[in-house]
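Visitor: Got a minute to walk through this one with me? I'd like to start with helix packing.

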Amino acid sequence: MDLNYSPADDAFRADVRAWLGANLSHALRDKVLHHKRLFRDDYANWHKLLGARGWSAPAWPREYGGPGWDATQRHIWDEECARAGAPAVIPFGVSMVAPVLMKYGTDAQKSRYLPRILDGTDWWCQGYSELGSGSDLASLRPRAERRGDRYVVNGQKTWTTLGQHADMIFCLVRTDPQAKKQEGISFLLIDMKTPGITVRPIITLDEDHEVNEIFFDDVDVPLANLVGEENRGWTVAKYLLGHERTGIARVGQSKRELSFLKRLASNRTKNGEPLLNDPLFAAKVAALEIELMALEVTVQRVFASEGAGKGPGPEASMLKIKGTEVQQALTELMVEAIGPQAAAFDPAFLEGDREHNSATGDDEAAPLAAYYFNFRKTSIYGSSNEIQKNIIAQMILGL
């Protein structure tokens, strides 16, 4: 593929940059650029603004209400949003269940759910992970018993990101307990307001409520909410995971954070000189920047393949591994640049309840420990990086 930008690409970038400048509020931009915590309304209001412009789902084709952008335009959009400090669109609806519905959904499912995903009416969450069934997703245990025109679901999911806000959950359940573990699984769409659903918070190491446990006790789900064939949900699940792993790469965000790291290291001193001038620290930053540049090109290649009609294949596993390694390395170098002052963090400051950091008085350092802790998860979610290496070994190297 041609990695040079055309005059049309430059004009598109200018249009995106101008729109972001006019529509992204200073308050929201400040939260993102300074690593403060975002709330439901921050995400929801931004999604609705994008939806009104027709830009809430960059990867969607025009036939479903998307902008129909090519790989280069999508890359530019990602890059400019990150540079401007725009929050990410929550991926569970737009980037995960929507592609599944486009490929496997019925006409009725597409008509009902896709417009509501596009304009932000429905907030989705993901019902995959369970206790004891993380990367070994096929060992999942929740049961869905078919009774006439409905399923009755019982079981538990965990680590459900932002499930406390969700209107809908897409869920993997076992519909044939006698089948082999990759078989007998079905993919259901479940309304979170259905009686029998309980959401319990899990407070993570950074003292935030981001993930949850979800319990299903005799939850009725209409048969019409089955996506694809009964007992063939593993195929649907794998297709969705390909899209999830591609999105986890987050090149635009990492480029923004690299700039933040350089600024951070320029403002801190070692032996009377900016830390960024220290040969050892500068070498770490340079090596990371090279990794990020290589990742960016690889992401563009995968996007181009998708544009040619190919779904994400095992290449998505490479993006997931390298993308999360880069993200974690960035947070590690940020903490290293700050030193001991990064150890303490102030949740009240991060949530906007206090104007300045009370722990050390350094507002820039205040979020970094929480940021570091939170990004420990990235090499685990979306199926752990060790599992991704197995996929690459089998599917690409033929081992």
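Visitor: Is the crossing of H10 and H13 left-handed or right-handed?
Guide: Left-handed. Bear in mind that this is a predicted model.

Visitor: Which residues make that contact?
Guide: H10 gives Ser317, Met318, Lys320, Ile321, Thr324 and Glu325. From H13 come Asn385, Gln388, Lys389, Ile391 and Ile392.

Visitor: How do they divide into nonpolar, polar and charged?
Guide: Four are nonpolar, four polar and three charged.

Visitor: And the geometry: at what angle do the axes cross?
Guide: Roughly 145°. The axes come within 9 Å. H10 covers residues 315–338, and H13 covers 385–395.

Visitor: New topic. How many cavities of 30 Å³ or more turn up in the whole structure?
Guide: One. Its volume is about 40 Å³.

Visitor: What lines the largest cavity?
Guide: Gln253, Ser254, Glu257, Gln327, Leu330, Thr331, Tyr371 and Phe375.

Visitor: Which elements give two or more residues to that lining?
Guide: Helix H8, residues 251–267, and H10. So H10 turns up again here, as well as in the contact with H13.

Visitor: What's the chemistry of the lining, by nonpolar, polar and charged?
Guide: Three nonpolar, four polar and one charged.

Visitor: Switching to annotation. What does UniProt list for residues 8–120?
Guide: The UniProt record, an unreviewed entry, gives "domain: Acyl-CoA dehydrogenase/oxidase N-terminal".

Visitor: How much helix and strand is in residues 8–120?
Guide: The chain there is 69% helix and 0% strand. The end C-alpha atoms of that stretch are 30 Å apart.

Methods:
Residues are numbered from 1 along each chain as its sequence is written. This is a predicted model: local features need pLDDT of at least 70, side-chain atom pairs count only at pLDDT 80 or more; totals for chains, interfaces and linings use all residues. Side-chain values use heavy atoms; hydrogens and water are left out. Axes are lines fitted to C-alpha atoms, for helices over the stretch in contact, and angles run from 0 to 180 degrees between N-to-C directions. Helices (H or I, at least four residues) and strands (E, at least two) are DSSP runs, numbered from the N terminus. A crossing is left-handed if the near helix is turned anticlockwise from the far one by less than a right angle, and right-handed if clockwise. Contact means heavy atoms within 4.5 Å. Ala, Val, Leu, Ile, Met, Phe, Trp, Tyr, Cys and Pro count as nonpolar, Asp, Glu, Lys and Arg as charged, and the others, Gly among them, as polar. UniProt positions are given in the numbering used here, feature names are shortened, and annotations may be inferred rather than shown by experiment. On a 1 Å grid over the protein atoms alone, a cavity is a set of points where a 1.4 Å probe fits but cannot get out, and a pocket is an open set with protein on both sides within 12 Å along at least five of seven lines; lining residues have an atom within 4 Å of a point. Grid points are joined across faces, edges and corners, and a volume is the space filled by probe spheres set on the points.
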